[in-house]
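Me: I would like to learn how to read salt bridges in a protein model. Could you walk me through them?

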Amino acid sequence: DMSDLDIRGPQREQATRKRMADISKEVASAYGMTADALRGPMRTAYFAKARHEAFYLCQQQGFSLEQIGRFFGGRDHTTVMSGISREKALREAENAQ
């Protein structure tokens with residue numbers, strides 16, 4: 001279905017948020033937390049790890065660092081970048097074993 005390629009403005013922003021919301025729900029559920037908790041201010045390792053995974057998956061779907069940061073509680077794009085690079089390193093280490 002090509003129809004969502006034409007969306008502009010608010011509808012497009014809504015579609016973007018929905019797709020990121022789906023990713024955050026899936027990740028949150030896998031970690032046994034709510035999507036709100038995942039997007040919230042908690043900075044413990046467990047929450048950070050889950051959030052980094054969500055950042056990574058959102059980037060894989062083509063979202064910009066700014067879009068991801070905005071969706072996840074207004075975080076700075078450099079925070080998102082750092083989280084993605086940690087998640088990538090972790091995945092590479094797991095794949096190397």
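Reply: Happily; what follows is a short tour of the salt bridges. This is a predicted model, so to speak of local features we need pLDDT of at least 70, and side-chain atom pairs count only at pLDDT 80 or more, while totals for chains, interfaces and linings use all residues. Residues are numbered from 1 along each chain as its sequence is written, and side-chain values use heavy atoms, with hydrogens and water left out.

Me: What is a salt bridge, and how many does the structure hold?

Reply: A salt bridge is a side-chain nitrogen of Lys or Arg within 4 Å of a carboxyl oxygen of Asp or Glu. The structure holds three.

Me: Which side chain meets Glu53 in a salt bridge?

Reply: That is Lys49, at 3.3 Å from N to O. The two are four residues apart in helix 3 (residues 45-60), about one helical turn. Helices here are DSSP runs of H or I, at least four residues, numbered from the N terminus.

Me: Which side chain of helix 5 pairs with Lys49?

Reply: Glu87, with 3.0 Å from N to O. Lys49 lies in helix 3 and Glu87 in helix 5 (residues 77-96), so this pair ties together parts that are 38 residues apart in sequence. Glu87 also forms a salt bridge with Arg91, at 2.8 Å; both lie in helix 5, four residues apart. Lys49, Glu53, Glu87 and Arg91 are thus linked in a network.

Me: Is Glu87 buried or exposed?

Reply: Buried means under 20% relative accessible area, exposed over 50%, and partly exposed in between (1.4 Å probe, protein chains only). Glu87 is buried at 3%, and Glu53 is buried at 18%. Lys49 is partly exposed at 24%, as is Arg91 at 27%.
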